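Open your viewer and get ready to select residues by number. This tour has a few short stops.

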Amino acid sequence: MAAILGGGLGGLSTGYYLLKNNINNNNNLKLFLLEATDYCGGWIKSIRTKDYTFEQGPRTIRPKGIVGLNTLNMIQDLGLSEHISPITPDHPAAKNRMIYVNQNLHLLPSSLKGVFQKNTPFSKPLIYALLNDIKSPHKELEDDSIYNFVERRFGKEIADYAISPMICGICAGDAKEISVKFLMRTLFEWEQNHGGVIKGMMKSMFKSKNKSDFELSDLAKRSQEEKWNVYTIKGGLDIFPRTLTNYLKENDVKVNMNSNVREIQFVDSGTVTLKNTSGGELIANHVYSSIPAYSLAKLVHRQHPELAKNLTEIPFVTVGIVNLYFATQKPLIEPAFGFLVPPIENSPILGVVFDSCCIPDQNGTVLTVMLGGKWYKEKFGDRTTKENLLDIALHEIKKILQISDEPAASNVNILHNCIPQYVIGHYEKVGKIRQYIRDNNLPISLIGCSYDGVGINDVIYSAKTQVQKDCT
Ligand SMILES: Cc1cc2nc3c(=O)[nH]c(=O)nc-3n(C[C@H](O)[C@H](O)[C@H](O)COP(=O)(O)OP(=O)(O)OC[C@H]3O[C@@H](n4cnc5c(N)ncnc54)[C@H](O)[C@@H]3O)c2cc1C
């Protein structure tokens, strides 16, 4: 019997892959999923009305790379292909991504041509950044912040106006703390092994590429043919975890909601006891933990304080989310994905997504303002109210987008400790944690956004690889 801890996308995907593995290998492994709340889907939560859809957590998924294609394979297998709403390269949400700098919105280049032109707020065409890389000396390092790396290779403007806001958009974090390996592992390795990014790229062009034997679903093939930029799910992203939950239930996985696990006791290398807050106990042969590292730390602390200490050293940040709906026939914004605010601007907001441009079937203008992240405490303290965040968000969009209408509907959420920060040394720390588990023969696998990537695709792929590892 296996227990899956946590019913976010990580836990649900673990159930999915364990079931597939059961079917393929003719096994009859009994599966339990334990979720603390009355909902499976974790941070993925959508509010639907006839006029708008508010996404309170994630909204778009990237189709690219093995991890992106793998998610599309799963989506097709779950029968969700018809629900996909792709954003293709000619869509304004793919072409128009902006940053807010010096009290102005600036369009980032989205084509090769744009790289040769001067685009404000950059003082030179971006192609000059490549010359900087060729000239800059190489520095031998084990790891570095993504900000330092980009500043060293491509210059300060790229670090401030391209990478720093991108990190805010992906993990609400500070590029000066986040590891370069989080997004630019290959470029960093090129620098370390060949003295520069361009030099490394040239050398790698002559190396034979390993062809992956990964099988693509029709949906995955379509995403490649149509060159999807990102995609959303019509009617709300929560359709995805809801469908996965039903799939697990239909295939005899026992999904226990309102089951808040408070302690894990390892008995031997094939027995583990999970105790919940209402006094219930479950004995399993293996546990797949998909809960955040800081939550798992509390559950293993009594038996394994060293493991708990390492798990708590993976930091998380809090994000404020303000969804706004304006019931106007005339759009209040230019069509675009939205804009991000570089930390150097010292703004209370991280960025704004123009949902009515990215998500179909919205009857008016829908925006989502993201606030805080790494700077949440510094900007808002410990006791900010939702009303306060709404006022700040409205003030900022009035100032930046000149929207003076009052929203017809709004929704504010404070997502405490919702996004892990892969700071310098993160991957070595995760290696150490997994080594401890192996050394002590603990029947536990680590899945979810704390370890192998913070996005939806990463979490799903991490479930797949951990399940494959344990089943071989
Ligand atoms: C605001 C925001 C925007 C995002 N935007 C995007 C995006 O656009 N695209 C993208 O790809 N990714 C995005 N992400 C990231 C994406 O949401 C995550 O990668 C993914 O949802 C993480 O899933 P998970 O299963 O690892 O964790 P979670 O969603 O945190 O799920 C963990 C589950 O475990 C449960 N749990 C915790 N402790 C216990 C316990 N002791 N006992 C039982 N159950 C427990 C929780 O209740 C929860 O349901 C965003 C994240 C946030 C917060």
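A cavity is a set of grid points where a 1.4 Å probe fits but cannot get out, and its lining residues have an atom within 4 Å of a point. Keep in mind that this is a predicted model.

**Stop 1: an enclosed space**

Select L394, I397, K398, I403, D405 and E406. These residues line the largest cavity. The space inside the largest cavity is about 30 Å³. How many cavities of 30 Å³ or more are there? The count is 1. Now colour the lining by class. You should find 3 nonpolar residues, 3 charged ones and no polar ones.

**Stop 2: an open pocket**

Go next to the second largest pocket, with a volume of about 380 Å³. The pocket has 15 lining residues. Select Y17, K20, N70, K464 and Q468, the ones closest to the pocket's centre. Then show helices α1 (9-24), α2 and α18 (456-471). Each of these elements gives two or more residues to the lining. Which element gives the largest share of this lining? That is α1, with 5 residues. By class, the pocket's lining has 5 nonpolar, 5 polar and 5 charged residues.

**Stop 3: two helices that meet**

Stay with α2, residues 65-77, and add α10, residues 218-225. Two packed helices are described by the angle and the distance between their axes. Here the axes of α2 and α10 come within 7 Å and cross at roughly 135°. Helix α2 is therefore oblique to α10.

Show the side chains where the two helices touch. On the α2 side, select L69, L72, N73, I75 and Q76. On the α10 side, select D218, L219, A220, S223 and Q224. What classes of residue make up the contact of α2 with α10? There are 5 nonpolar, 4 polar and 1 charged residues.

**Stop 4: one aspartate**

Finish at D133. You will find D133 in helix α5, which spans residues 127-135. Is D133 buried or exposed? Buried means under 20% relative accessible area. The relative accessible area of D133 is 2%, so D133 is buried.

Now show what surrounds this residue. Leaving out residues up to four places away in sequence, D133 touches R153, F154, G196, V197 and I198. Select those contacts together with D133, and turn the view to look at each in turn.

Key. Residues numbered from 1 in each chain as written. Predicted model: local features only at pLDDT ≥ 70, side-chain atom pairs only at ≥ 80, totals over all residues. Heavy atoms only, no water. Axes fitted to C-alpha atoms, helices over the stretch in contact; angles between N-to-C directions. Helix = DSSP H or I, 4+ residues; strand = E, 2+ residues; numbered from the N terminus. Parallel < 35°, antiparallel > 145°, perpendicular 65-115°, else oblique. Contact = heavy atoms within 4.5 Å. Nonpolar A, V, L, I, M, F, W, Y, C, P; charged D, E, K, R; others polar. 1 Å grid on protein atoms, 1.4 Å probe; cavity = no way out; pocket = protein on both sides within 12 Å on 5 of 7 lines; lining within 4 Å. Points joined across faces, edges and corners; volume = space filled by probe spheres on them. Buried < 20%, exposed > 50% of the residue type's maximum accessible area, 1.4 Å probe, protein only.
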